[in-house]
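Student: I am new to this structure, and I would like to understand how its descriptions are justified. Could we look at it together, setting values against definitions?

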Amino acid sequence: MPKKSPSNTGTTHPRLRMVVVFALVLLLLIGGRLFFVQSLNAKAVAADAVKNRTRVQETQPKRGQILDTTGTILATSVDRYDLVIDQRKVDANKPIVRNKPSGGATREKVTIEQAVGELAAILDQDIDTVRTAIVGDPGAKKNAYSVVAKGVTPEVRNAVMELRIPTLTGQLRSERQYPNGVVAGPLLGFVRNSEDQQSHNGAEGLELSQNDRLKGTAGTRTYEIGADGVRIPVAEMTEVPAVDGQDIKLTIDSDINFIAQEEALKKQEQFNADWVSVIVTEVKTGRIIAIGDSNQMDPNDPSATEGRFRTSASITQAFEPGSTGKVPTFAAALEEGVVKPTDAFKVPNAYTINKETINDSLKHSTYDMTAAGIFARSYNTGTVMIGNKMSNETRHAYMKKLGLGEAIDIGLTGASKGILAEPQDWERRQQYATMFGQAYTQTALHTAQITQTVANGGVRIYPTLIDSYINPDGTIEKPAAPKSKRVFSEKTSKEMLRMMETVVMEGTGTKMAVSGYRVGGKSGTGQAAGPNGGYDGYTNSFAGVAPLEDPEIAVVVTMYRPKGNWKSWTVGDTFSEVMGKTLNAYNVAPSNSKPNGYDVFIGSEQKKSW
């Protein structure tokens, strides 16, 4: 009889018991943990869960606009959308279920082909191009980020969203636009987009210098999302609203600025100059009506313009002014009482002083002339005779009072202060050259400031470009009133204006007349220093005011490095055109008095050769 196998029941039962005990212990631990989580530590766990679901989104403010003095928009920001799709989530063989476009809750199914056709119609694009962007090329790898269209309007984006194409979304981006193109472009500057394309930072011009006021303050939106990454509609959302940037209203008149730019461009092309500047200011307020640069820059496409002209040459480029620089010399001499307009001088073509010989540009006979006549004919020799009646320190002090050697702050970066050495550092010839606008540098805006001072009864008003800041709620913030200081007496101002009228009547400015108005001014042709030392070019200019009885408008035209024969250079037609149109636009009444210049020569004979 065969033997029975031994039973293993005795070993199985202990193992089974161990498994059961282990399972019970594990269940006890899990249960304890659940009790701790759900009862004793429920608030902390809930808080962690909310934290994990919470998202904080930064909301961007709207960048402020830049307006001209009449409210015309020069720079503005608009919302635009890039339409993008995840091709991996689109099945060309499955229909789209959506609410009918006609409205209501009625649902319908449409094929991808139909949806693509509707989308192409909305975007006004080729159907095949749109289909490829949506579903990809046959057999090609699906693109997780496929751009269907860029920069569409909110209205187009909303119409596209009604098509309910899976994962087709509109990504918001802000777009800076300059509706008037090149008008005041170098003043406005331009922006660079932020990395997320939703905001801008100023890169040049007013967009840069006024960035803190224009950009506003970002807000936040806090909300909860579900496991699918979509916001939970019923969950609480908190929001700190963004504060939009301030609008900036300028003193610039965009119509006059356009005229100034066009006239500057014509003059640049006529003489193939490096650049031409036309500045228009209000004499009694210092407000800048126009800064027209011939090298125009469209802020919508700044890369199309050479780097140095993306800012205004009128404030960044310093040069030796030439004979317009005689204005400080003559005005200081009148103010100091060392000369009167009718004083007599014997004026040769060449004049030697302190072993330095000063020459006039054209040879002429020795004339018996008035001081006013020397100014009108712009003779260097006579100017040095008059300037030498004052000390270098006295003349330098007046030049500083007029703003030379300091940058003019009109709310823009990059303004040049020019170069004005201290009088003790003037070399033997330099002390005389400074009398007739050489051996120091200034910008065209400096010339405009000097002209304004002389025409405004001798009171210098610091020029302004920014009229006001407009808050998002419509309230207006005015900058501090521009500083002013008296440089010359009213008597000196009146004598200078009469001398400036003599320039237009009998001197170098006869081409600067404006029909119906008495005009005064000063022309200038100065040597331009080259990069390697010495002079290798010229600057030609005219600074004038009108009407002479009660000056309201000042216009300064500056042409840098024109080509050709210097005897043919003139900016007279540019000055007359801009001045005439500005006087008309501002309804300035024509002159009701006759011209009243000084005699140029001593004696009755006033018609003498140059």
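**Reading the sheet and a buried aspartate**

Tutor: Let us begin with strand 23 and strand 24 (residues 535–546), which pair in the antiparallel sense over 10 bridges; please keep in mind throughout that this is a predicted model.

Student: What makes strand 23 and strand 24 a pair?

Tutor: Two strands pair if at least two bridges are found between them, and strand 23 and strand 24 have 10 bridges, so by that definition they count as paired. One of the contributing matches is that of Gln527, whose bridge partner in strand 24 is Tyr538.

Student: Which strands form the open sheet, and in what order?

Tutor: Five strands form the open sheet, in the order 14-13-25-24-23, with antiparallel pairing. Strand 14 and strand 23 (520–529) each have a single partner strand and therefore stand at the edges, with one side of each left without a neighbour in the sheet. On average, neighbouring strands of this sheet are turned by 10° against each other, direction ignored.

Student: How do you know that strand 13 is paired with both strand 25 and strand 14?

Tutor: Strand 13 is joined to strand 25 (residues 553–560) over eight bridges and to strand 14 (residues 288–293) by five bridges, and since a pair needs at least two bridges, both qualify. Ile279 illustrates this, for its bridge partner is Val556 in strand 25 and Ile291 in strand 14.

Student: Why is strand 13 called mostly covered?

Tutor: Eight of the eight residues of strand 13 (residues 275–282) are buried, where buried stands for under 20% relative accessible area. Trp275, Ser277, Ile279 and Thr281 point one way, while Val276, Val278, Val280 and Glu282 point the other way, and all are buried. Helix 16 (residues 444–455) lies across strand 13, strand 14, strand 24 and strand 25, running at about 150° to strand 25. Helix 18 (residues 572–585) also packs on the sheet, touching strand 13, strand 14, strand 24 and strand 25, and its direction makes about 155° with that of strand 25.

Student: Turning to Asp68, how do you know that it has no salt bridge?

Tutor: A salt bridge requires the charged atoms to be within 4 Å, whereas the nearest side chain of opposite charge to the buried Asp68, that of Lys249, is 7.5 Å away, so the criterion is not met.

Student: What makes the pairing of the side chains of Asp68 and Ser254 a polar contact?

Tutor: The side chains of Asp68 and Ser254 come to 2.8 Å, and the cut-off is 3.5 Å, so the distance satisfies the definition. Asp68 itself sits in the loop between strand 2 (66–67) and strand 3 (73–85).

Notes: Residues numbered from 1 in each chain as written. Predicted model: local features only at pLDDT ≥ 70, side-chain atom pairs only at ≥ 80, totals over all residues. Heavy atoms only, no water. Helix = DSSP H or I, 4+ residues; strand = E, 2+ residues; numbered from the N terminus. Buried < 20%, exposed > 50% of the residue type's maximum accessible area, 1.4 Å probe, protein only. Lys, Arg positive; Asp, Glu negative; His and termini not counted. Polar contact = N/O pair within 3.5 Å; in protein donor to acceptor, adjacent residues only side chain to side chain. Axes fitted to C-alpha atoms, helices over the stretch in contact; angles between N-to-C directions. Contact = heavy atoms within 4.5 Å.
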